[in-house]
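Trainee: I am new to this structure. Could you walk me through how to read it?

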Amino acid sequence: MWLKDTQGKKAFRHGHDAFNRASEAAAECGDFRPDVEEEWVADEERSCYNCRLRRWTAESFVCLLPA
Amino acid sequence: MNVLICIDDTDNLESRGTGELATILAEEIERRSWGSSDFVTRHQLLVHPDVPYTSHNSSMCFAADIDLAILDSLIAYAGDFLREESAVGSDPGLCVSVIDQLADPEAVIAFGRSAKEEVLNKKLAYDLATQLGVHLSEHGGTGQGVVGALAGIGLRLSGNDGRMKGWLRIQTHDGLASVGDIMAQTDLGGVRTLDGALLSATEMVEIESKPKAVLLDGKIYMMVSPVTDGGRVRWRTTPRSQLKKF
């Protein structure tokens with residue numbers, strides 16, 4: 001599910017449109033924090049795509065939690 | 001007199017979102033009887049390693065109808081508000097544009113579109129704002145948010161970018177509403193398919209949780225998608241996951 005990027009951060013390896021995987025990843029995460037509603041892009045609230053700790057990149061996102 | 005007000009880069013990982021600050025500003029304009037405020041829209045800007053942002057890169061814009069005499073007061077208030085309310089480590093920017101006095105609307109629209117595709121900087125933003133007669137100011141940190149604030153004005157002005165902050169409150173009967181009923185309960189320009197077709201008032205729509213609206217052709221539309229899994233009606237509100245391109 002994750003890669004380490006060049007800065008040692010966790011990068012989601014499935015891109016911007018892997019909604020099921022992003023939901024699965026959030027279900028397994030104890031640190032999920034929903035972002036403000038206007039920044040949600042996934043239909044289910046609990047998704048890494050809707051998490052305040054995701055930082056979007058051109059290809060996907062990185063998780064700001066320690067790797 | 002119609003103005004556009006846009007703010008950017010006011011938050012950090014712990015703070016209120018920029019959208020909430022925009023909403024508070026919009027409400028304050030009405031509370032002070034300065035005028036009436038319209039809905040807030042969110043505009044996605046370029047995500048790039050060279051662009052500083054917290055977790056997304058979006059600006060928040062709204063329109064207001066105010067008296068020209070209070071414009072300076074509004075700008076002063078909004079600037080102070082951003083300085084006081086923006087989060088530690090943020091780089092807030094404010095842009096206020098009087099629509100009818102905008103020297104070259106196409107130039108600011110082009111700036112907004114560029115901000116979705118390339119890395120822009122403060123100098124470009126300030127130069128254009130001066131040229132166009134638009135108020136642009138920074139209120140903390142590096143002030144980098146001026147780029148997104150000016151871009152947001154252009155994108156809102158384009159009428160073809162962004163999602164409305166919040167969601168539509170629509171009363172339904174067993175999860176369904178006619179387009180006519182939806183229109184009567186909202187300020188929508190219409191109910192529209194992703195192909196651009198407008199639904200007639202008699203069409204029925206299945207309303208999913210927290211339906212969103214998007215800005216298209218200068219109006220706010222609720223988007224619908226065809227029901228393909230044997231539902232009760234032909235149309236269903238388009239899921240949020242399919243609206244992220246707006």
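Mentor: Gladly; we will take the contact between the chains, then the sheet. This is a predicted model, where local features need pLDDT of at least 70, side-chain atom pairs count only at pLDDT 80 or more, and totals for chains, interfaces and linings use all residues. Residues are numbered from 1 along each chain as its sequence is written, chains are lettered from A and ligands numbered from 1 in the order in which they are written, and side-chain values use heavy atoms, with hydrogens and water left out.

Trainee: How many residues does the contact take from chain A and from chain B?

Mentor: Contact means heavy atoms within 4.5 Å. Here chain A gives 21 residues and chain B gives 29 residues.

Trainee: What is the area buried between chain A and chain B?

Mentor: Buried area is the accessible area (1.4 Å probe) that two parts lose on being put together, summed over both. The value here is about 2,000 Å², with carbon and sulfur atoms giving 44% of it. On the chain A side, A:E37, A:E38 and A:R52 supply 32% of what that chain buries against chain B, more than any other three residues.

Trainee: How many salt bridges are found across the interface of chain A and chain B?

Mentor: A salt bridge is a side-chain nitrogen of Lys or Arg within 4 Å of a carboxyl oxygen of Asp or Glu. The rule finds five across this interface, while the structure holds 20 over all chains. One of the pairs is A:E39 with B:R42, at 2.6 Å from N to O. Another joins A:E37 to B:K212, at 2.9 Å from N to O.

Trainee: Now the sheet: in which order do the four strands of chain A lie?

Mentor: Strands of a sheet pair through backbone hydrogen bonds, either parallel or antiparallel. Strands (E, at least two residues) are DSSP runs, numbered from the N terminus, and two of them pair if DSSP finds at least two bridges between them. In chain A the order is 1-2-4-3, in an open sheet with antiparallel pairing. Strand 1 (2-4) and strand 3 of chain A are the edge strands, each pairing on one side only.

Trainee: How many bridges join strand 3 to strand 4 of chain A?

Mentor: Three bridges link strand 3 to strand 4 (residues 61-63) of chain A. Within strand 4 of chain A, A:C63 stands opposite A:R54.
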